[in-house]
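Please open the structure in the viewer and keep the selection tool at hand. The tour proceeds by selections, each followed by a description of what is to be found there.

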Amino acid sequence: MTCKNIDIYTLIKPEILKLRNIGIETANLDCRLLLSETLERYETIYNHQNIYITENEIKKFQNLIQQRLRGKPVSRIINKRSFWKKEFELNDATLDPRSDSETLIESVIEHCPNKLEFLKVIDLGSGTGCLGLSLLDEYPCSEVSFFDTSKKSLEMVKKNAQNFDLLERSKYINLDWNVRDWDKKLMKIENNIKYDIAISNPPYIPTNDIKTLRKEVKKYDPFIALNGGKDGLDSYRSILSNLTNIIKPNGKIFLEIGKGQKNYVTKIAIKHGLLPKEYKKDLSGVTRVITFVIN
Ligand SMILES: C[S@@+](CC[C@H](N)C(=O)[O-])C[C@H]1O[C@@H](n2cnc3c(N)ncnc32)[C@H](O)[C@@H]1O
């Protein structure tokens, strides 16, 4: 197999131009990420580095670029996304983790500063496990139960837990919060031991708005991970109506919300006896996380 020694920029420049021409602003970064994937090199690669590359690898790289040109996000091509301190694997049943959701991890750390505390955590709607696994990593004495209606997404959490050596403190629970008495079913599985912390980033996009989302979202993120029902608030209604039954006294709840949902979710929470303790904004200034402390 012949191997070329080439400057990375010479190789990727024509591909950058093709991606720019269809309006992809992150064209340079995307090309370098796809080249890293091709070469199975997971450290940062720079434009003006020299590399050895075979004809087959060039073909593989160009194939990945073709997928990007057809609108597939880089994270879906390489099936990976970095979140908090780790690289998470994705599958077609999981949401592509968003950096805005890191606000929830920041909130937990602010409210639970003792990293060595034993914390029993439930991650409601766990997707890739990005939230719960990041907490397991931050709190080495904690345990997290991952709860999702999608078996395929729970398999992905398990794979990520394995990759990060966090399997031992994880539990996987396949339940649906729209089912009556989901809290009782959950407590039966957990031998009636309640949680210190509940975290959730539930689906919160109003059904009719999904079709207006960017193609990269509506085509590649699973509908079930986006769909919040007619007004976007269905999951909050289902979760909040039973949530206090599964949390210990002095326990804490951290809920991610969508833009403009602060007052609506607060109203649902108050109806179920929960008073917000704090609202936290994400980097764009959008209120993203509501924290509740149980009395
Ligand atoms: C917005 S995604 C969040 C995923 C992940 N926690 C994150 O932050 O990237 C919502 C998750 O809730 C799950 N889900 C949707 N409806 C559910 C239900 N009725 N019961 C349990 N899980 C549900 C979806 O499968 C999806 O994994």
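Select helix H1, residues 8-21, together with H3: their axes come within 10 Å and cross at roughly 15 degrees. This angle makes H1 roughly parallel to H3, since angles under 35 degrees count as such. The crossing in which H1 passes H3 is right-handed. The model on display, it should be said at this point, is a predicted one.

Keep H3, which spans residues 55-69, and add helix H2, residues 27-39. At what angle do H2 and H3 pack? The angle is about 135 degrees, and the two axes are 9 Å apart. H2 and H3 are therefore oblique to each other. Viewed along the line that joins them, H2 passes H3 in a right-handed crossing.

Next, clear the selection and choose helix H12, residues 234-242, with helix H13, residues 262-271. The axes of H12 and H13 come within 9 Å and cross at roughly 25 degrees. H12 is therefore roughly parallel to H13. Here too the handedness may be noted: H12 passes H13 in a right-handed crossing.

Now turn to the ligand and select the residues around it, of which there are 19. Which of them come nearest? They are Gly125, Asp148, Asp176, Asn201 and Ala225. Colouring the shell by class will show 11 nonpolar, 6 polar and 2 charged residues.

Three polar contacts deserve individual inspection.

- Select aspartate 148: a polar atom of its side chain lies 2.7 Å from an oxygen atom of the ligand.
- Select threonine 149: here a backbone N or O atom is 3.3 Å from a ligand nitrogen atom.
- Select tryptophan 177: a polar backbone atom of this residue is 3.1 Å from a nitrogen atom of the ligand.

With these contacts in view, display the surface of the ligand. Taken alone, the ligand exposes 600 Å², and the protein buries 97% of that area.

As a last selection, show the elements that each give two or more residues to the shell around the ligand. These are helix H6 (130-138), strand E6 (143-148) and helix H11 (223-226). Aspartate 148, whose side chain was inspected above for its contact with a ligand oxygen atom, lies within the residue range of strand E6.

Notes:
Residues are numbered from 1 along each chain as its sequence is written. This is a predicted model: local features need pLDDT of at least 70, side-chain atom pairs count only at pLDDT 80 or more; totals for chains, interfaces and linings use all residues. Side-chain values use heavy atoms; hydrogens and water are left out. A residue is near a molecule or strand if one of its heavy atoms lies within 4 Å of it. A polar contact is a pair of N or O atoms within 3.5 Å; within protein, one must be able to donate a hydrogen and the other to accept it, and residues adjacent in sequence count only if both atoms are side-chain atoms. Accessible areas come from the Shrake-Rupley method with a 1.4 Å probe; for residues, only the protein chains shown count as cover. Helices (H or I, at least four residues) and strands (E, at least two) are DSSP runs, numbered from the N terminus. Ala, Val, Leu, Ile, Met, Phe, Trp, Tyr, Cys and Pro count as nonpolar, Asp, Glu, Lys and Arg as charged, and the others, Gly among them, as polar. Axes are lines fitted to C-alpha atoms, for helices over the stretch in contact, and angles run from 0 to 180 degrees between N-to-C directions. Angles under 35 degrees count as roughly parallel, over 145 as roughly antiparallel, 65 to 115 as roughly perpendicular and the rest as oblique. A crossing is left-handed if the near helix is turned anticlockwise from the far one by less than a right angle, and right-handed if clockwise.
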